[in-house]
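User: Hello! I am new to this structure and would like to learn how to read it, one feature at a time. Could we start with a pair of packed helices?

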Amino acid sequence: MENFSYITPTRYVFGRGAEAQTGALAAAMGCRKVLVVSGGSSARRSGLLGRVLDSLREAGIATAELTGIRPNPTDDRVYEGIDLCRKEGIDGVIAVGGGSVIDTAKAIAGGVPYDGDFWDFWAGKAVMEKALPVGVVLTIPAAGSEGSGNSVITKLDGMRKISLRTDSALRPRFAVMNPELTFTLPPEQTAAGVADMMAHIMERYFTPTEGVEVTDRVAEGVLQAIITEAPKVMTRPDDYDARANIMWCGTLAHNGICGCGRREDWASHGLEHVLSALYGVTHGAGLAVVFPAWLTYASRTKPGKVAQFGRRVFGITEPDDSKAAEAAIAALRSFYGSLGLPLTLGELGIENPDFEAITAMFHRDKGTPFGAYISLAPEDTEAVYRLMV
């Protein structure tokens, strides 16, 4: 096990009607006027946005709004939000939505107190040391951004989709989590969220670090819970307990607990970020295609951890590591297929990928080589992409 520092300052307020506490929680952050960031019309149409705004106003907190944040959020909306915050004297940001909304809110919060271009942080030109406080009302369990210090933004100039990771600056001060808000999610969105949260765990699980039995077991337990509960929410969307378990799994997958004491990989997320930036695919659906391909390539030279994954998570009994790894990947693909997720680039709607171009884009943003469990040089990266066909 490696040395580690684990910071988790987020207060989670979980359960039915939890959104009614948003105002009190924002007041506890010391806010007097907040920017409320949301996505499409569903939050307003369902009445959730109105309840959140009422809660804030009842707590004596003034509001401004930034709406219409779309999946795979882009830098133009971040600049718009930063300008609005400065104009309106905003001292806090509240995200009402899923990962894209939360990531946008975080980027705005980090950009407001910074004199330069907020993209400097994502480009690695500056280190974020402060940000406006951020609160979250979660509507889509998937990205885990409600408990992480991360934010993924796409820069339209060059279509660069990059994840910024911070220890504490961008971790939300609170996350309001009401499973009832997820009852009406479309099946494909629920399934993509499941693939996303599983990928967050697996990026940490597949590591060259040894001696991490406790963290391995935490990761395996959350993965098993997802595999148990996901079919329930697909067949019974209003099953409160199943929705609650999936929602909490999404948080535990990405708040850092599954990565303590180990090197993390994150190549598969980088591989998918290129696809969603260029082709506009849903992130979780893209990961359902990427991860089995990456595992297939990785297990050719390092089957051991993949075999452990298969035995402990899927109950595979094959004693030979290479064969157990192959069975594990088949089990993962079968599980994704049972949720209706795509398994190939063609099923994602990507019919004629330019493998050389997407490989170059991956290494432009990630460097060469990249990866912890296995190291990807350009020829390896292209080979992984070709396994997705």
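Analyst: Gladly! Helices α7 and α13 are roughly antiparallel to each other, because their angle falls in the range over 145 degrees that earns this name. Please keep in mind that this is a predicted model.

User: How is such a pair described, and what are the values for α7 and α13?

Analyst: Two packed helices are described by the angle between their axes and by the distance between those axes. Here α7 covers residues 187-205 and α13 covers residues 321-338. Their axes cross at roughly 155° and come within 11 Å.

User: Which residues make the contact?

Analyst: From α7 come V194, A195, M198 and M202, while α13 brings L332, F335 and Y336. By class, seven of the contact residues are nonpolar, with no polar and no charged ones.

User: Now the sheet, please. In what order do its strands lie, and is the pairing parallel or antiparallel?

Analyst: Reading across, the order is β1-β8-β5-β4-β2-β3, an open sheet of six strands with parallel pairing. The edge strands are β1 (11-14) and β3 (62-66); each has a single partner strand, so one side of each lacks a neighbour in the sheet. From one strand to the next, the twist averages 20°.

User: Where could I look for an example of one strand pairing with another?

Analyst: Try β1 and β8 (residues 174-177), which pair in the parallel sense over four bridges. One place to look is V13, whose bridge partner in β8 is V176.

User: Which strands do helices α4 and α5 touch or lie across?

Analyst: Helix α4 (residues 75-88) packs on the sheet and touches β2 (33-38) and β3. The direction of α4 makes about 160° with that of β3. Helix α5 (residues 99-111) lies across β2, β3, β4 (92-97) and β5 (134-138), and runs at about 170° to β4.

User: What about a hairpin? How do β6 and β7 pair?

Analyst: Strands β6 and β7 pair in the antiparallel sense over six bridges. As an example, V152 has S163 as its bridge partner in β7. Four residues sit between the strands of this hairpin, where G158 takes a positive phi near 95°. M159 is found in the loop between β6 (150-155) and β7 (160-165), and its phi is near 50°, a positive value in a residue other than glycine.

User: Which peptide bond is cis?

Analyst: Look at the bond from T368 to P369, which is cis with omega near -5°. You will find P369 in the loop between α14 (355-366) and α15 (378-386).

User: Finally, what is the volume of the second largest pocket, and which residues are closest to its centre?

Analyst: The second largest pocket has a volume of about 380 Å³. Its lining has 22 residues, of which S5, R165, D167, R171 and E264 are the closest to the centre. By class, the lining splits into four nonpolar, 11 polar and seven charged residues.

Methods: Residues are numbered from 1 along each chain as its sequence is written. This is a predicted model: local features need pLDDT of at least 70, side-chain atom pairs count only at pLDDT 80 or more; totals for chains, interfaces and linings use all residues. Side-chain values use heavy atoms; hydrogens and water are left out. Axes are lines fitted to C-alpha atoms, for helices over the stretch in contact, and angles run from 0 to 180 degrees between N-to-C directions. Helices (H or I, at least four residues) and strands (E, at least two) are DSSP runs, numbered from the N terminus. Angles under 35 degrees count as roughly parallel, over 145 as roughly antiparallel, 65 to 115 as roughly perpendicular and the rest as oblique. Contact means heavy atoms within 4.5 Å. Ala, Val, Leu, Ile, Met, Phe, Trp, Tyr, Cys and Pro count as nonpolar, Asp, Glu, Lys and Arg as charged, and the others, Gly among them, as polar. On a 1 Å grid over the protein atoms alone, a cavity is a set of points where a 1.4 Å probe fits but cannot get out, and a pocket is an open set with protein on both sides within 12 Å along at least five of seven lines; lining residues have an atom within 4 Å of a point. Grid points are joined across faces, edges and corners, and a volume is the space filled by probe spheres set on the points. Two strands pair if DSSP finds at least two bridges between them.
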